[in-house]
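Reader: Hey, can you walk me through this one? I'm new to reading structures.

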Amino acid sequence: MGRYVVRRLLQMIPVFIGATLLVFLMMYALPGDPVRALWGERSVDEAQIAAMKADLGLDLPLWHQYLNYLLGLLQGDFGTQIASGRPVIDVITSALPATLRLTALAFLITVVLGVGLGVIAGLRRGGKTDRMILFVTLLFISVPVFVIGYLYQVFFAHNLGWARPTVQDPTAWSQLILPAMVLSSLSLAYVARLTRTSVAENKRADYMRTARAKGLTGRRAVSVHLMRNSLIPVVTFLGVDIGNLMAGAIVTEGIFNVNGIGSAVYRALSYREGATVVGIVTFMILVYLVVTLLVDLLYAVLDPRIRYA
Amino acid sequence: MSDRTERPTADEPNATTGTTGPVETTSSGAVRIDKSAEAPADRDTPLLEVRDLQVEFRTREGVARAVNGVNYSVNAGETLAVLGESGSGKSVTAQAIMGILDTPPGHIAGGEIRFRGEDLLTLSEDKRRAIRGDRIAMIFQDALSSLNPVLSVGYQLGEMFRVHRGASRREARERAVDLMERVRIPAARERVNDYPHQFSGGMRQRIMIAMALALEPDLIIADEPTTALDVTVQAQVMELLAELQREFHMGLILITHDLGVVADVADRIAVMYAGRIVETAPVKELYAAPAHPYTKGLLESIPRLDHKGKELYAIQGLPPSLTALPSGCSFHPRCPLSTERSTTERPPLHPVLDASEAPVAGRGSACHYWKETLHG
Amino acid sequence: MPDVPMKATPEAATLKATQPAVPVPVDEQPDSGPAPGKPRSLWSDAWHDLRRKPSFLISAGLILLFLTIAAFPGLFTDASPRDGDLTQFYLQQPQLTHFFSPEWLGYDAQGRSIYARIIHGTRASIIIGLTVTAIVFVLGSLVGMLAGYFGGWVDTVLSRVVDTFMGIPFLLGAMVILVSFDVRGPMVISLALAVLGWTTIARVMRGSVIQVKQADYVQAARSLGAGTTRILMRHILPNAIAPVIVVAMIALGGYISAEATLSYLGIGLADPAVSWGGDINFGKDSIRVASHVLIFPSIMLSATILAFLMMGDAVRDALDPKLR
């Protein structure tokens, strides 16, 4: 196991370098000039721009700029905002708590409702309940998150008055419920469908027949034998989904006016604030890689057939 | 549904020892007192008696009649081999006895399954569950897929004691080790926490046997217990099973398609074809002189050393579709003896008579021309 | 094995023996289809199933309708999606009985007919959805097939490349690419989505090829001396492609959704291009007084995505009888 972890960590290095390089290239090598964008439509002083670029190291060749960025990362430096001179890591740490809370709540909803509905549907595959759950989840997947966001906002906040239409205080869990419901809707639907498939497949496995032949109660056969097997692929999906939820926050945070990572990156994008964008995306890549590794290790715990050499 | 009348009627000779004269060929004389004392019914009642069992499967192509009036019985300490190709209904019958039929699509359309005289089909699900695994246990063919891949074998064995006996976790684990030792798994104590995939095929099947034996049931149904194993391992596993059966004086229903497996261990054989029993006989007599063309065909299709160089016999055609069974005798499209009568009139299970016209104990054949088959 | 497999008819056992040696990777025991004895393939089996499936028929009908709207919007409305009359039609409510007339679904805050806009907005979504899927399908299949078939260092390198692209959040990555462009047409958006989207297909294809590669008929072809190209094209590709097609169909809906999200966020299509996502963004400002500005493009968008998802689901179920 220890050796496997080391190997996986080593494998992550080229992936991390590759992914950050891609983002770096996407931000800086494509047309568009972040420094010039600072001036917007106003008249531009070329000398000032050149000086600023030299100061920021933006006059260096792209590979050199990237190298500097990587070296900075090694020391925990995610870059510095061009306009304000604020370290990007500051931007991340101040925006992170709200996003983490929102993501955690959305994750909870996904797990409880997604797995719950999936199990119900899987156990009654082909029945009325199953068909209804399938249809509802299909709707959740089809209706884009921003549409669901506005529908919920109008219905739950404006019409019913159960929640505030926007989040005033991101430390208040109660205010985050509505955005978390919106954020989780897509994941919830996927998790429910995956769980359903997995449960339905395992339900007809030979070992379930054995469980019945052993005279186990239906409840025990399902909760011990069926669940332990069915949830393996679901756990894998849930792990990777944490990353998706964080990235998906960009839309949800916009609708509900949450000052989180998503809003920060959106703002940075609109101003072409390259350093912030690259810094935040780098952070998300890190989260993704760490979560993927953890899921792989968890997989080995859940499924004894997997052995890591 | 319309051909309901085809079902065997009550006056047919039954493929049970009870009605056509008991076949007292129990392989072991050692009757365990405690077991027989438990029996609520009198000594003449067979341990298990299946009467006119019918099982149907609703499929998209129509109703598949997998079991069409099967009768058999097993006594304590006796081994009944149920022989047939896949689709003959032998496993479905077993699942119906265990109460683990997949419903839907399957359902029991009629008949009785009497265990110690009590019809299991009339019991509540709770009562049936209490019998399953405890009094009647089953061994499946493919131990790898039949054992739960993510639970240790110790857990799966111990579960029997925890569920049926309310044993503690630790106690259950101890009993699991005992069981593994009993089926001669080396280093049982060290291996009790291992998972099924860490054992060899033969060892896994031993674990399945241990699981079935856990609560010392009265009856074990073994569904092709050795089919998935290497030939050398097959013999060992079969021996172990037979030995344990003698030791506990259990009834054993051995389901197989392999005539070779049957010969050494079974007392009696019931041959199934298309959901019916076509011949039943004590094992030696069946081998010596089959009374049904299907059995005869099966025996002749076994390669034999003294027939070396000759062409191997093969039964013509394919087993019938269970959604559209042939009229009359289900075997008639493949039968060399088939006549006009075979296509219209379904043969009941005739008692097989010896030269002096006296019924041979425990023998029956569902063929109009059993005499010709027997002597031809 | 029970004599009667759970779902298959007892007939299945019979069929298996009479089946011609057509390699069928997913469907080992087809349990419905043409009369026994006839040659049956995975696809003809699936087709036989699909024809009778309501969800397939509905989604196919919807997709046909959307394709027609995308190709010939003029057939559905004469009204211009761009010219609005602010003075007359500002946020006018829908006239739900005036079918197919410009005022049917109301007007937006610039006095433009919503009906005309959702009709003319179809083309962009469909074109982007199809283009992304086409690029992703070709690129992803190729990479996946090479990685899966050759294994070894080829697989290691390609898998790391796939991992690299997977590490970048899909939508956010596309946004990073797109902000660099001042003018964002359907082609630029399609490329941005495809650059980050092909990895899913590559993974599915790789897994599928690895499975098919081990099949006996591939081994047989190899032992008969068939060349690599021939094995890949004749034996592996046809048998490995089914799950990829299903994933691509479902992904198509996802790409349409992604494009709408980008346009909604103002980083996709922009005026004067007509797009559902942009219109939804436009409608959110007046959601409390004139919800129709947001609702109708949302319905159109969701229905399109739904159609492709349903189609993908139906085809998958038909191809994978294990899950019926």
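Author: Let's go through how the chains touch, then one helix, the core and the annotated domains. This is a predicted model, where local features need pLDDT of at least 70, side-chain atom pairs count only at pLDDT 80 or more, and totals for chains, interfaces and linings use all residues. Residues are numbered from 1 along each chain as its sequence is written, and chains are lettered from A and ligands numbered from 1 in the order in which they are written.

Reader: OK, how many residues do chain A and chain B each put into their contact?

Author: Chain A gives 19 residues and chain B gives 24. Two residues are in contact if their C-beta atoms, placed from the backbone, lie within 7 Å.

Reader: Which element of chain A gives the largest share?

Author: Helix 9 of chain A, with 6 residues. Helices here are DSSP runs (H or I, at least four residues), and strands are too (E, at least two), numbered from the N terminus.

Reader: And what classes of residue are on that side of chain A?

Author: There are 6 nonpolar, 5 polar and 8 charged residues. Ala, Val, Leu, Ile, Met, Phe, Trp, Tyr, Cys and Pro count as nonpolar, Asp, Glu, Lys and Arg as charged, and the others, Gly among them, as polar.

Reader: Is helix 9 of chain A mostly covered or mostly exposed?

Author: Mostly covered: 7 of its 8 residues are buried, including Tyr207(A) and Arg209(A). Buried means 20 or more other C-beta atoms within 10 Å of a residue's own, exposed means 12 or fewer, and partly exposed is in between, with C-beta atoms placed from the backbone.

Reader: What do those buried residues pack against?

Author: In chain A, helix 8 and helix 10; in chain B, helix 2, strand 6 and helix 4.

Reader: New topic! Which residues touch the most other members of the largest nonpolar core?

Author: Ile221(B) and Ala174(C), out of 272 residues. A nonpolar core is a set of buried Ala, Val, Leu, Ile, Met, Phe, Trp, Tyr and Cys residues joined through C-beta atoms within 7 Å. Helix 10 of chain C provides the largest share of this core, 17 residues.

Reader: Last one: where does UniProt put the domain in chain C?

Author: The unreviewed UniProt entry places "domain: ABC transmembrane type-1" at residues 122–312 of chain C. UniProt positions are in the numbering used here, feature names are shortened, and annotations may be inferred rather than shown by experiment. That span of chain C is 83% helix and 0% strand, with its end C-alpha atoms 20 Å apart.
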